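Let's take a walk through a protein model together. Keep the 3D view open and turn it as you read.

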Amino acid sequence: MLKVSRIAAALGLVTAMASTTANAVPYPNAPSFIDRLPQAARIVESRPQPTPIGYVIFCMTYANQCNRADGGGRVHLDQDTWTLLDNVNRKVNDRIAPDAQKGTAEWSLTTTSGNCNDYAVQKRNELIERGISPSALSLSVVKTRRNEGHLILTVRTDHGDYVLDNLRNGIVAWDRTDYRWISVQSNDNPNNWVRVSARF
């Protein structure tokens, strides 16, 4: 009986040691949220560009939208921020019905039918209302693959710059859009428009 007890005790010790050893083996870390994002470069600003006439008229109608903003020029990108950007992008895309006949000079914060300009300024306004610094948001003029003028919203983050676009619901890195970049609002002053020279 004593021998059986000793064997059982020994087996228990071996099992405990095996369990302890197994728990001590480190498992590979799961990819973090940032690791799962599409990698984005940062926009590098270059020489001044002409201010779009639509923006000039927009500022005459919505003067508070064109004030120079203080604060950080980049938003901290985490799960909550990404979810906010994604929700606003999809929400505005769903809210505005495309209107191919609308002109390009009237950018509206209230219309429910319009073109790319309306989508971009409404997304910018909604993000500002939800706490994103205006200095991290830049309206951007690009040319599509069909050589059509197009306005989008660029969000500058501490993990690169991303685009909110009415032509797609998914958020994409600015340097993966297949667009030709014409000008963006300067990170320092939204009333200054500049050329994109490079990326890093």
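Keep in mind that this is a predicted model. A good place to begin is the second largest pocket, where α3 (53-61), α5 and β5 each supply at least two residues of the lining. Of these, β5 gives the most, with 3 residues. If you want to find the spot on screen, look for Pro52, Ile53, Gly54, Thr104, Trp107, Cys116, Asn117, Val141, Gly149, His150 and Leu151, which line this pocket. The second largest pocket holds about 190 Å³ of space. What kinds of residues make up its lining, by class? There are 6 nonpolar and 5 polar residues, and no charged ones.

Now move over to the largest pocket, with its volume of about 410 Å³. Its lining is made of 20 residues, and the ones nearest the centre are Cys116, Glu148, His150, Asn166 and Leu167. You have met two of these names already: Cys116 and His150 are also among the residues that line the second largest pocket. Here α5 (116-129) and β5 (149-157) each supply at least two lining residues, and α5 gives the most, with 3. Sorted by class, the lining of the largest pocket has 6 nonpolar, 9 polar and 5 charged residues.

Charged residues bring us to the next stop. Side chains of opposite charge can pair when their charged atoms come close. In this structure there are 8 salt bridges. Start with Glu45 and Arg156, whose closest N and O atoms are 3.2 Å apart. Glu45 sits in strand β1 (residues 43-49) and Arg156 in strand β5, so this pair ties together parts that are 111 residues apart in sequence. Are the two partners buried or exposed? Glu45, at 26% relative accessibility, counts as partly exposed, while Arg156 is buried with a relative accessible area of 2%.

Next, try Asp161 and Arg74, whose side chains meet in a salt bridge at 2.5 Å, N to O. Asp161 belongs to strand β6 (residues 160-164) and Arg74 to the loop between α3 and α4 (79-95), so here the parts being tied together are 87 residues apart in sequence. Asp161 counts as buried, at 0% relative accessibility, and Arg74 as partly exposed, at 26%.

A further salt bridge joins Asp165 to Arg168, with the closest N and O atoms 3.7 Å apart. Asp165 is buried, with a relative accessible area of 1%, whereas Arg168 is partly exposed at 28%. Salt bridges can also join up into something bigger than a pair: Lys91, Arg95, Glu126 and Arg130 are linked in a network of them.

Time to look at some rings. A search of the whole structure turns up 7 aromatic pairs. In one of them, the rings of Tyr55 and Phe58 have their centres 6.4 Å apart and their planes at 35 degrees, so the pair is tilted. Both residues lie in helix α3, 3 residues apart, which is about one turn of the helix. Tyr55 is buried, and Phe58 is too.

Tyr55 has another ring partner, Trp193: their ring centres are 5.4 Å apart and their planes are at 70 degrees, so this pair is edge-to-face. Where do the two residues sit in the chain? Tyr55 is in helix α3 and Trp193 in strand β9 (residues 193-199), so the pair ties together parts that are 138 residues apart in sequence. Like Tyr55, Trp193 is buried. Zoom out a little and you can pick out one aromatic cluster formed by Tyr55, Phe58, Tyr62, Trp107 and Trp193. Trp107 should ring a bell, as one of the residues lining the second largest pocket.

Let's finish with a single serine. Ser140 is found in strand β4 (residues 137-143), and it is buried, with a relative accessible area of 0%. What does its side chain make a polar contact with? One partner is the side chain of Thr154, at 2.7 Å. In addition, a polar atom of the Ser140 side chain lies 3.3 Å from the backbone oxygen of Ser138.

Conventions: Residues are numbered from 1 along each chain as its sequence is written. This is a predicted model: local features need pLDDT of at least 70, side-chain atom pairs count only at pLDDT 80 or more; totals for chains, interfaces and linings use all residues. Side-chain values use heavy atoms; hydrogens and water are left out. On a 1 Å grid over the protein atoms alone, a cavity is a set of points where a 1.4 Å probe fits but cannot get out, and a pocket is an open set with protein on both sides within 12 Å along at least five of seven lines; lining residues have an atom within 4 Å of a point. Grid points are joined across faces, edges and corners, and a volume is the space filled by probe spheres set on the points. Helices (H or I, at least four residues) and strands (E, at least two) are DSSP runs, numbered from the N terminus. Ala, Val, Leu, Ile, Met, Phe, Trp, Tyr, Cys and Pro count as nonpolar, Asp, Glu, Lys and Arg as charged, and the others, Gly among them, as polar. A salt bridge is a side-chain nitrogen of Lys or Arg within 4 Å of a carboxyl oxygen of Asp or Glu. Buried means under 20% relative accessible area, exposed over 50%, partly exposed in between (1.4 Å probe, protein chains only). Rings of Phe, Tyr and Trp (its six-membered ring) pair if their centres lie within 6.5 Å; planes under 30 degrees apart count as stacked, over 60 as edge-to-face and the rest as tilted. A polar contact is a pair of N or O atoms within 3.5 Å; within protein, one must be able to donate a hydrogen and the other to accept it, and residues adjacent in sequence count only if both atoms are side-chain atoms.
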